[in-house]
Structures are given as structure tokens and as C-alpha cells.
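Please read this note with the structure open beside it. Each point takes up one part of the chain and can be checked by eye.

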Amino acid sequence: MPAESAMAASKVTLKRSLRYWDLVLYGIILIQPTAPMPSFGVIYKEAHGHVVTAILCAMVAMLFTSVSYGRMARVYPQGGSAFMYVSRELHPSLGYLTGWCMAMDYILNPLICTVWCGKAAQNFLPGVPYFVWAIFFAALFTLLNLNGVETSARINTMMAAALGVVIVLVVIAMLRYLLHLGHQPTSFYALPFYDRSTFSTSALFRGTSIAVLTYIGFDGISTLTDEAKNPERSIPRAIVSTCLITGILASIEVYLGQLVWPRGLAFPDIDTAYVHISGRAGGPIMFAIVNGALLLATIGSGMASQLGAARLLLAMGQDGAIPRRFFGAVHPKNRIPRNNVLLIGAICLGGALVFSYQLGTELLNYGALLAFMGVNVASAVLGWRQGRGSQWFPIVMSLAGFAVCFFIWMNLGTLARIAGTGWALFGIAMWLVHGRKSRVAA
């Protein structure tokens, strides 16, 4: 009987209960419906006012990539990520490099959350210096995670619903503001898409390289393959639909924001520009609602991403890819990767005092775009391996996704590309040293 019980337990699998719309809702919650608001000002500055066009250009790249993710999830239905897809289809060492670049994303997410929270808190209490807020939020994320505080799925759902209400209020306030402007020429409503006096192709693609942040997280749907009904069909459709819906919602939010804010007028603070636009449309009350809602959402995101980064480093440490003694340790009392949480907290604090929000965003996108390129190549190789000539359309789609992501990646800032390449080279060195040691030990 005990042997039979053990055999039965080993056959227990996750319940397949998630339908197509459940997966889409999960993806939207993961990305957050207010995704373009924190980065609006930076994109506005770099794209010379063409935020909505940059958002749409980024959506094209993400749609190609989402198709590749869907294809890989169909072939590897055990749930996975860019790390697994690249490892299986290309090479384990390339998979490791992809995972290492993803680790940079995980670490930088709480960093840019710390920066943005500090700027948003200054909107409420401008007399407190920014560095004080940076220390406060970096310490807050770290202390809460050291005590094992986690954001549950239910809280995430409630937060997404609350942010949805905020978006509706903002849209209503902006539409009322625009109606009170009176009659405007047709060209006024086309300026967010194309302004001849400021348009520049290079500036647009610089803005697009930052606008990619709006879509970061859609690939998380692929990790739910084990719990999805008919995953071969529902997962690919949900990934593509999430990118499309996110792009449409984001375009509406930034389009109205561009119409409300006068062309050429400087923002009081570039990092919280959308908050000031909301205040212009709806007055001090709307300013406080949007600033407060985005602040709470960013605090939740910063906490969750810090713990996620700590767990990713834990997995890599226990794998032997990075020093096991430090990164692979789990605190015996609260059973969390304490060393990793403290290390990431220190990085967040130091980075928030040195990095700008824009640099942190571009570095995050550096790693994300490299991972996306890896998935697109893996998808093309998969198509060639499966059918060669008969799979020409999926192969072309995957290669187009790689080309678009590579082009956007090349338009990242020089400093971001230098720093990101340095991180990648450091990861390769770690792999050569500790990865070789772990293989010898095995």
C-alpha cells in the first residue's frame, strides 16, 4: 500500500482549469493596465512627442515575438520560459546566457520601482529630498521580503481591478477636458501620431526601445501551460491577444494624454509626467488619485519583483552556475533566500541613487529584448527541424520577430548597451568558472 500511495502521488498533476479568457486576464494583470503611465515622460522626450506611435511600433515587435512564444509553448507544454526554450532548441550555454539576461531584468525591475516610487512620493511631500525616499523604499521592499511578505494572486487581481477603475476615471476626465477645449482642427487630433515639425525616425525608434517596457511580462502566460485547458490552442492565442489588448489600451491612454498636454510645454517632472497630465485634466483630486494608485501599484510590483529576482538567483546558485554558498543559501527560520534579498536591496538602493529611471528602463529592456531574440531564433530552428520548407511561414514570422527586436535593441542608449554587455560578459565568466566546476562535481 505505501508503494501504491507513493506511485499515485507521483502521478498527481496540476489541475487544467484555466480557459482562454482566464489566461488573457492573467496576462493583463501581469503586465498591469497602467503600464505606459510611469514611462510616458521618458518616451515623450526621446520620441519627440510621438508616444502613441512608439507604443504601436513596440506592439508590432511584441506580436511577432508572442507568436514565437506561442509556438514554443505548444511544443513544450510543461510550462517554461525563454531560458528553457533556448536551452532545448539551441544550446544549454545559450539558454544560461538568456537566463542570466533575464536575471538582470528581475533585478532592475525593483530598482526602477524604487526610483519611480521616490519621485511619486515627492509629488505628495516635495520638501523631503529624493535620496531619503530612495532609501525608504529600498529598505521597505527589503524588510518586507525578509519577513516573507508576499503579494497573493487575489491581491494582484484586486489591484488590477482598482487600476482599471482609475483608468476609466482618467479617460473620462480627459474626454471632458478635451470637450471643453471647443472646436479644434483635424490636424490637432493627428499630432500624437505624426507631428511634422518634430518627427525623426531615429528619435521614434529610440522611444520605441523604451516603449517595449509597456509589454514586459506577457511571456509569463507560457508558465501556465500545465494548468490550461487545451494549452496547444489556448496558450498561443492568449499570448498574442494579451499583447494586442495591452497595445490598444496603452495607445488610448497615451493618445488622450498627448492631446491634453500642450505641445512643447515642459513637464514638472519627466518621470511622473502622466500624473501631471491627469492633474491638468481632472484637477488636484485626479492628480492625487493617479499618483496614489500608481505609487501603490509600483510598491507591490517592486516587492514582488525583488523576491522573484532573489528566487531566480537562488535557483541559479543551487544549480551551481553561480557561487552556491552565497546564492544557493536559504535562511532556516523564514525559509527565504535572505542573502539574495539583501544583495538586491543593496543594488536597488545604490542604483536608485545613481541611475535615472530612463537608464534603468533601457537596461531592463536590453535583457528582455535579448531573451525575445533568443525565443524567435529558437522558434525558427524548431520550424526548420519540424518541416523545413513546409514550415516556411512560421520560420519567416520568427525571423521577422528576431529582426525587429534586434533593430529596437540597437536603438537602446549607448550607456545601456555598454552596461548590459558588461553584465552579459560577467555572466559568461561566471558560467565558465562555476558552471565548469558544477559539471566536474556532477
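The points below go from the whole chain to helix contacts and then to single residues.

1. Overall make-up. This is a predicted model. The protein chain has 17 helices and 0 strands. Of its 442 residues, 52% count as buried. The accessible surface of the chain comes to about 19,900 Å², and carbon and sulfur atoms account for 68% of that surface.

2. Contacts along the chain. Take the contacts in the protein chain between residues at least 6 apart in sequence: 81% of them join residues at least 24 apart. The helix pairs in the next points can be read with that figure in mind.

3. Helix 4 and helix 5. Helix 4 covers residues 51–75 and helix 5 covers residues 82–89. Their axes come within 11 Å and cross at roughly 70°. An angle from 65 to 115 degrees counts as roughly perpendicular, so helix 4 is roughly perpendicular to helix 5. The crossing of the two helices is left-handed. Helix 4 contributes Tyr69, Met72 and Ala73 to the contact, and helix 5 contributes Ala82, Tyr85 and Glu89. By type, the residues of this contact divide into 5 nonpolar, no polar and 1 charged.

4. Helix 5 and helix 15. Helix 5 also meets helix 15: the axes of this pair come within 9 Å and cross at roughly 40°. Helix 5 and helix 15 are therefore oblique to each other. Helix 5 passes helix 15 in a left-handed crossing. On the helix 5 side the residues are Ala82, Tyr85, Val86 and Glu89. On the helix 15 side they are Ala371, Gly374, Val375, Ala378, Val381, Leu382 and Arg385. The residues of this contact divide into 8 nonpolar, 1 polar and 2 charged. Ala82, Tyr85 and Glu89 of helix 5 are thus named in the contact with helix 4 and in the contact with helix 15.

5. Helix 6 and helix 15. How do the axes of helix 6 and helix 15 cross, and at roughly what angle? Helix 6 (residues 92–124) and helix 15 (residues 357–386) have axes that come within 8 Å and cross at roughly 155°. Angles over 145 degrees count as roughly antiparallel, so helix 6 is roughly antiparallel to helix 15. This crossing, too, is left-handed. Among the helix 6 residues in the contact are Thr98, Cys101, Asp105, Ile112 and Trp116. Helix 15 supplies residues including Tyr357, Gly360, Leu364, Gly367 and Ala371. The residues of the contact divide into 14 nonpolar, 5 polar and 1 charged. Ala371 of helix 15 is named here and also in the contact with helix 5.

6. His91, between two helices. His91 is found in the loop between helix 5 and helix 6. At 42% relative accessibility, His91 counts as partly exposed. The C-alpha atoms of His91 and Ala378 are separated by 9.7 Å, although the two residues are 287 apart along the chain. Ala378 is one of the helix 15 residues that meet helix 5.

7. His48, a point to check. His48 lies in the loop between helix 3 (40–46) and helix 4. What is the phi of His48? Its phi is positive, about 55°, although His48 is not a glycine. Most residues other than glycine have a negative phi. His48 is partly exposed, with a relative accessible area of 38%.

8. Thr53 and Ser234, two residues inside helices. Are they buried or exposed? Thr53 lies in helix 4 and is buried, with a relative accessible area of 15%. Leaving out residues up to four places away in sequence, Thr53 touches Pro192, Phe193 and Leu204. Ser234 lies in helix 11 (residues 231–260) and is buried as well, at a relative accessible area of 6%. With residues up to four places away in sequence again left out, Ser234 touches Tyr20, Leu23, Ala228 and Lys229.

9. Ile336, a buried loop residue. Ile336 sits in the loop between helix 13 (324–327) and helix 14 (338–354). Buried means under 20% relative accessible area; Ile336 has 7%, so it is buried. Ile336 and Ala310 are 26 residues apart in sequence, and their C-alpha atoms are 8.6 Å apart in space.

Notes: Residues numbered from 1 in each chain as written. Predicted model: local features only at pLDDT ≥ 70, side-chain atom pairs only at ≥ 80, totals over all residues. Heavy atoms only, no water. Axes fitted to C-alpha atoms, helices over the stretch in contact; angles between N-to-C directions. Helix = DSSP H or I, 4+ residues; strand = E, 2+ residues; numbered from the N terminus. Parallel < 35°, antiparallel > 145°, perpendicular 65-115°, else oblique. Left-handed = near helix turned anticlockwise from the far one by under 90°. Contact = heavy atoms within 4.5 Å. Nonpolar A, V, L, I, M, F, W, Y, C, P; charged D, E, K, R; others polar. Buried < 20%, exposed > 50% of the residue type's maximum accessible area, 1.4 Å probe, protein only. Areas by Shrake-Rupley, 256 points an atom, 1.4 Å probe, with all protein chains shown as cover.
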